[in-house]
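Trainee: Could we go through this structure together, one question at a time, with the reasoning spelled out?

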Amino acid sequence: MKKTPLYEEHIKLNGRMVDFADFKMPVQYSSIINEVKGVRESVGIFDVSHMGEIEISGSYALNFVNWITTNDASILKLWQVQYTTMLYPEGGIVDDLLVYRLPDSYLLVVNATNREKDFNWIINNKRGNVDIEDRGDDYFQIAVQGPLTLDVIKRITLKDPSDLPFYWAKEEFISGNKVLISRTGYTGEDGFEIYGDSPLGMKIWDIVMDAGETINTHIVPCGLGARDILRLEVGYCLYGNDITKETTPLEAGLSWLVKMNKGDFIGKESLIKQEEEGFGRKLIGMRLESKSIPRHGYPIYKEGEKIGEITSGTHSPTLNYPIAMGYVEKPFHKKGTKLEIEIRKKMIEGEVVSLPFWKNGSIKR
Amino acid sequence: MEILEELLYSKDHEWARQENGEVIEGITDYAQSELSDIVYIELPEEGIEVRKGEAIGTIEAVKTVSDLCAVLSGTIIEVNKELEDHPELINKDPYDAGWIVRIKVGDPEELGTLMEASEYKDLISME
């Protein structure tokens, strides 16, 4: 098992450590519910150094990134960030990721669980004059998320980052240390993600925490448990659950990440075919009437017939009712459709609702 | 981790408090801490007969779900209805306000199969 640069911090904070994607990671520190609440109402801080970073440089870098991803990287301005997917030729998803356009390269930030797979995939599909470097161990990554995040971050950066738009990044200095900050996150709240050289991780974490104390803003350390609920409450997909090798971006409601008119990319033909022929299932959001919690793998029924499966589910602490995402056969994906979910041999009624479940986040679009 | 001397314990991490031929059952401090963030509990009906070790309810925590097993055989004579609206009482106060059911003991000899506090302490130190 590997440790992130923040490992000692988690131990100091009494984090409950679990094995996740080859790393020892905190699943929670105090209580998952309190951590979620901290992010929705104030500020939460997450060690996300387990995420992978792959750097693509060279004269063909842009063309290559556009070849392996579905979104159009050519529209990115310097320091702009883009959410995208990488596909298999068959149209299934290799990973969902962020692409940062940096001065001399494109930085791909990939899921922790897919680091090795993605790197190998990219290497095996290499085209043209590009350098592909696995930078995953070189960087720490800290996410600071919540409606009051800006108050904290502007105290520690050299320049006020208030004007940094959603999905833009910039180079910054925190106590003289060079970092990359971006207005991004996985919670539906306003927030920043901070990247820098791994040995600086602990120091930057402490500086953020101290800044919170100075301005009397409570910053709650959050583990993987809270991170999973926060993303689910705003309907963000989790690779391995809601999107996999077996699902396409069209089925997952991620067609906004696919730019058919940008030129060729891996998986394009399969998606065109799927668009033309149509497809039978769709990823939907569901709200349950009971208090039982729907979980990954639970079957979904319509009038006694199985029509789908839950991919992610939880009790939403923010909304105070159970929520779930899952694939269902058409036409049962339509908003308002009543469905049943089998939870420990009982049929529990649910209703298809629009995503995100939690619509009042502080995110700046 | 709090373990009360005066209680008896099961290997499934339930505790039993004896009171005139009845036992009050709950889950231990260790169990609530492992589950953490309990958000819903499905309680058994009052009046039903249960056998020791049988699943009589379900405890839903944010990250996981766990069966509640009968600590002894007998009849469920009362359930803690407070838990329907406040399941978090099990996290906050597992040995008192977070009690779950009251059982009229069917077979007093079964009490001998439960663990004393010291044995239970050994059990969780191994987990």
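Trainee: In this predicted model, which residues of the largest nonpolar core touch the most other members?

Mentor: The model is predicted, and its largest nonpolar core holds 124 residues. In soluble globular proteins, nonpolar side chains tend to be buried together. The members of this core that touch the most other members are A:Ile45, A:Tyr106, A:Leu108, A:Ile142, A:Val144 and A:Val208.

Trainee: Leaving aside neighbours within four places in sequence, which residues is A:Val208 in contact with?

Mentor: A:Val208 is itself among the core residues that touch the most other members, and A:Ile45, A:Ile142 and A:Val144 are named there too. Once the neighbours within four places in sequence are left aside, the contacts of A:Val208 are A:Ile45, A:Ile142, A:Val144, A:Val152, A:Ile156 and A:Ile219.

Trainee: What arc around the axis do the buried residues of helix H5 of chain A cover?

Mentor: Helix H5 of chain A runs over residues 149-156, and its buried residues are A:Thr149, A:Leu150, A:Val152, A:Ile153 and A:Ile156. They lie on the same side of H5(A), because the arc that they cover around the axis is only 160°.

Trainee: With which strand does E16 of chain A pair over eight bridges?

Mentor: Strand E16 of chain A, residues 305-316, is mostly covered, with nine of its twelve residues buried. Strand E15 (residues 299-302) pairs with E16(A) in the antiparallel sense over four bridges, and there A:Pro299 has A:Glu309 as its bridge partner. The antiparallel pairing over eight bridges, in which A:Ser312 is matched with A:Met325, joins E16(A) to strand E17, residues 321-329.

Trainee: Which residue takes a positive phi near 65° in the hairpin of E16(A) and E17(A)?

Mentor: In the hairpin of E15(A) and E16(A), with two residues between the strands, A:Glu303 in the turn has a positive phi of about 45°. The hairpin of E16(A) and E17(A) has four residues between its strands, and the residue with a positive phi near 65° is A:Asn320.

Trainee: How many residues of chain B are in contact with chain A?

Mentor: On the side of chain A that touches chain B, helix H2, helix H7 and E16 each supply at least two residues, and by class this side has four nonpolar, six polar and two charged residues. Twelve residues of chain A take part, and the number of chain B residues in contact with them is nine.

Trainee: Is A:Ser354 buried or exposed?

Mentor: A:Ser354 is found in the segment after strand E19 of chain A, and beyond four places in sequence it touches A:Gly285 and A:Lys335. A residue with 12 or fewer C-beta neighbours within 10 Å is classed as exposed. Because A:Ser354 has 11 such neighbours, A:Ser354 counts as exposed.

Methods
Residues are numbered from 1 along each chain as its sequence is written. Chains are lettered from A and ligands numbered from 1 in the order in which they are written. This is a predicted model: local features need pLDDT of at least 70, side-chain atom pairs count only at pLDDT 80 or more; totals for chains, interfaces and linings use all residues. A residue is buried if 20 or more other C-beta atoms lie within 10 Å of its own, exposed if 12 or fewer, and partly exposed in between; C-beta atoms are placed from the backbone. Two strands pair if DSSP finds at least two bridges between them. The arc is that of the directions from the helix axis to the C-beta atoms. Two residues are in contact if their C-beta atoms, placed from the backbone, lie within 7 Å. Ala, Val, Leu, Ile, Met, Phe, Trp, Tyr, Cys and Pro count as nonpolar, Asp, Glu, Lys and Arg as charged, and the others, Gly among them, as polar. A nonpolar core is a set of buried Ala, Val, Leu, Ile, Met, Phe, Trp, Tyr and Cys residues joined through C-beta atoms within 7 Å.
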